[in-house]
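Welcome, and thanks for opening your viewer. Let us walk through this chain together, one selection at a time.

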Amino acid sequence: MQSTEEIIRSFITETILFTHEEYPYPDDASLLENGILDSMNVMELVTFLEEQMGLEIADDEITPENFDSINQLARFVRSKQSMMT
């Protein structure tokens with residue numbers, strides 16, 4: 001079973017970076033500062049997480065604290081999942 005980080009990394013690599021190569025950044029690299037995500041990509045990522053992880057993400061949760069790196073995204077997803085159980 002893939003980890004949350006692997007799932008997010010794969011989505012970003014294939015859908016946003018348009019490559020099947022390995023994700024080229026460390027998991028703590030800023031997705032915003034490195035230009036990996038823009039506002040449209042963030043919305044794509046929100047939709048993906050809601051559909052694939054069964055989450056409901058409120059507008060006020062779409063913040064750099066939650067969406068700025070793979071690590072932060074994975075922590076956010078796990079936090080949301082733990083609230084659902």
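Start by selecting F48 and showing its side chain. Setting aside the neighbours within four places in sequence, F48 is in contact with I7, F11 and M53. This is a predicted model, so please read every stop on the tour in that light. F48 lies in helix α2, and with a relative accessibility of 16% this phenylalanine counts as buried, because the cut-off for buried is under 20%. Now add F11 to the selection and draw a line between the two C-alpha atoms. F48 and F11 are 37 residues apart along the chain, yet their C-alpha atoms are separated by 8.2 Å.

**Step back to the whole chain**

Zoom out and colour by secondary structure. You will find four helices and zero strands, and from the N terminus the order of elements reads α-α-α-α. The radius of gyration is 12 Å, close to the 12 Å that the globule rule gives for 85 residues, so the chain is as compact as a globular protein of that length. If you turn the C-alpha trace along its principal axes, the spans are about 35 × 30 × 20 Å.

How much of the chain is buried? Buried residues account for 40% of the 85 residues. Among contacts with a separation of 6 or more, 53% are between residues 24 or more positions apart.

**Select the core**

Next, pick I8, I12, L45, L49 and F67. These are the residues with the most contacts inside the largest nonpolar core, which has 22 residues. The elements that give two or more residues to this core are α1 (4-16), α2 (39-53) and α4 (70-84). Which helix gives the most? That is α2, with six residues.

Keep L49 selected and show what surrounds it. Beyond its neighbours within four places in sequence, L49 is in contact with I8, G54, L55, I57, F67, L73 and V77.

**Visit the loop between α1 and α2**

Move on to F18, which is found in the loop between α1 and α2. Is F18 buried or exposed? F18 has a relative accessible area of 70%, and it counts as exposed because that value is over 50%. Look at the backbone here too: phi of F18 is near 55°, a positive value in a residue other than glycine. For comparison, most residues other than glycine have a negative phi.

In the loop between α1 and α2 you can also select E21. E21 is exposed, with a relative accessible area of 59%. Add S10 and draw another C-alpha line: E21 and S10 are 11 residues apart in sequence and 9.7 Å apart in space.

**On to α3 and α4**

Now select residues 64-67, which form helix α3, and find E65 within that helix. What is the relative accessibility of E65? The value is 56%, and E65 counts as exposed. From E65 to F76 there are 11 residues in sequence, and the distance in space is 8.9 Å, C-alpha to C-alpha.

Then go to M83 in helix α4. M83 is exposed, with a relative accessible area of 58%. Select M40 as well and draw one more line: the C-alpha atoms of M83 and M40 are separated by 27 Å, and the two residues are 43 apart along the chain.

**Finish at the surface**

For the last stop, switch on the surface and colour it by atom type. The accessible surface of the chain comes to about 5300 Å², and carbon and sulfur atoms hold 48% of that area. Then colour the charged side chains. How many are positive and how many negative? The chain has 4 positive and 18 negative side chains, and the centres of the two sets lie 8 Å apart.

Notes: Residues are numbered from 1 along each chain as its sequence is written. This is a predicted model: local features need pLDDT of at least 70, side-chain atom pairs count only at pLDDT 80 or more; totals for chains, interfaces and linings use all residues. Side-chain values use heavy atoms; hydrogens and water are left out. The radius of gyration is taken over C-alpha atoms; the globule rule is 2.2 Å times the number of residues to the power 0.38. Buried means under 20% relative accessible area, exposed over 50%, partly exposed in between (1.4 Å probe, protein chains only). Contact means heavy atoms within 4.5 Å. Accessible areas come from the Shrake-Rupley method with a 1.4 Å probe; for residues, only the protein chains shown count as cover. Lys and Arg count as positive and Asp and Glu as negative; His and the chain ends are not counted. The place of a charge is taken as NZ of Lys, CZ of Arg, CG of Asp or CD of Glu. A nonpolar core is a set of buried Ala, Val, Leu, Ile, Met, Phe, Trp, Tyr and Cys residues joined through side-chain atoms within 4.5 Å.
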